[in-house]
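Me: I am a first-year student, and I would like a close look at one part of this model, the packing of its interior and of the aromatic rings there. Please take me through it slowly.

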Amino acid sequence: MIKKTKKIIGLDVGDQWIGVAHASELIGIVFPYQTWQAYEFFKKFTAYLKEHEVKTAVIGFPLTLKGNESQQTEKVKNWVTVMSAQFLEITFVFQDERLSSKFATNISIQNNSKNKHSNHELAAALILDNFIKKNSHEV
């Protein structure tokens, strides 16, 4: 039997795309993983869980630049409510994602990325990296 690798994942949840990043729980190095279409998330995540043991999912919390909640914040909170009811073994936590998508887009441009959706998984990686740095004593 193959032992599942323990992961902490980061998710950049959008209306159409969900960026996914992961890190080993032991070393905490973050890797962009994939970008999934939002309507395929449940199927793709279920398949991912067959190979990886996930205890924590870090969700980008979309606030305005002034730190206020928006319509997108409510959408993400509702999405997390649904997902946490489906995946009871996973703790879903929020991480401020302000400017993560902008930074990810800039990284993609600087690297001449040909993958038009790579900025979503890069944003997820930035969200997860910020969470790990902020909570390094707990992760």
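**The aromatic rings and the core**

Reply: Tryptophan 36 and phenylalanine 41 are both buried, where buried means under 20% relative accessible area, exposed over 50% and partly exposed in between, with a 1.4 Å probe and protein chains only. This is a predicted model, in which local features need pLDDT of at least 70 and side-chain atom pairs count only at pLDDT 80 or more, while totals for chains, interfaces and linings use all residues. Residues are numbered from 1 along each chain as its sequence is written, and side-chain values use heavy atoms, with hydrogens and water left out.

Rings of Phe, Tyr and Trp (its six-membered ring) pair if their centres lie within 6.5 Å, and planes under 30 degrees apart count as stacked, over 60 as edge-to-face and the rest as tilted. By this rule there are ten aromatic pairs. One of them joins tryptophan 36 to phenylalanine 41, and this pair is tilted, with 5.7 Å from centre to centre and 55° between the planes. Phenylalanine 41 also pairs with phenylalanine 45, this time stacked, at 5.0 Å centre to centre and 20° between the planes. Because phenylalanine 41 and phenylalanine 45 are four residues apart in helix 1, about one helical turn separates them; helices (H or I, at least four residues) and strands (E, at least two) are DSSP runs, numbered from the N terminus. Ring pairs link Trp36, Phe41 and Phe45 into a cluster with Tyr33, Phe42, Tyr48, Trp79 and Phe87.

Some of these rings also belong to a nonpolar core, a set of buried Ala, Val, Leu, Ile, Met, Phe, Trp, Tyr and Cys residues joined through side-chain atoms within 4.5 Å. The largest nonpolar core has 20 residues, and those touching the most other members are Leu11, Phe41, Phe45, Ile59, Trp79, Ile90 and Phe92. Two or more residues come from each of strand 1 (5-13), strand 2 (17-24), helix 1 (41-51), strand 4 (52-61) and helix 2 (71-86). Leaving aside residues up to four places away in sequence, isoleucine 59 touches, among others, Leu11, Val76, Trp79, Val80 and Phe92, where contact means heavy atoms within 4.5 Å.

Helix 2 deserves a closer look. Its buried residues include Thr73, Val76, Trp79, Val80 and Met83, and they lie on the same side of helix 2 because they cover an arc of only 125° around the axis, taken from the directions from the helix axis to the C-beta atoms. On the other side of helix 2, Gln71 and Thr81 are exposed.
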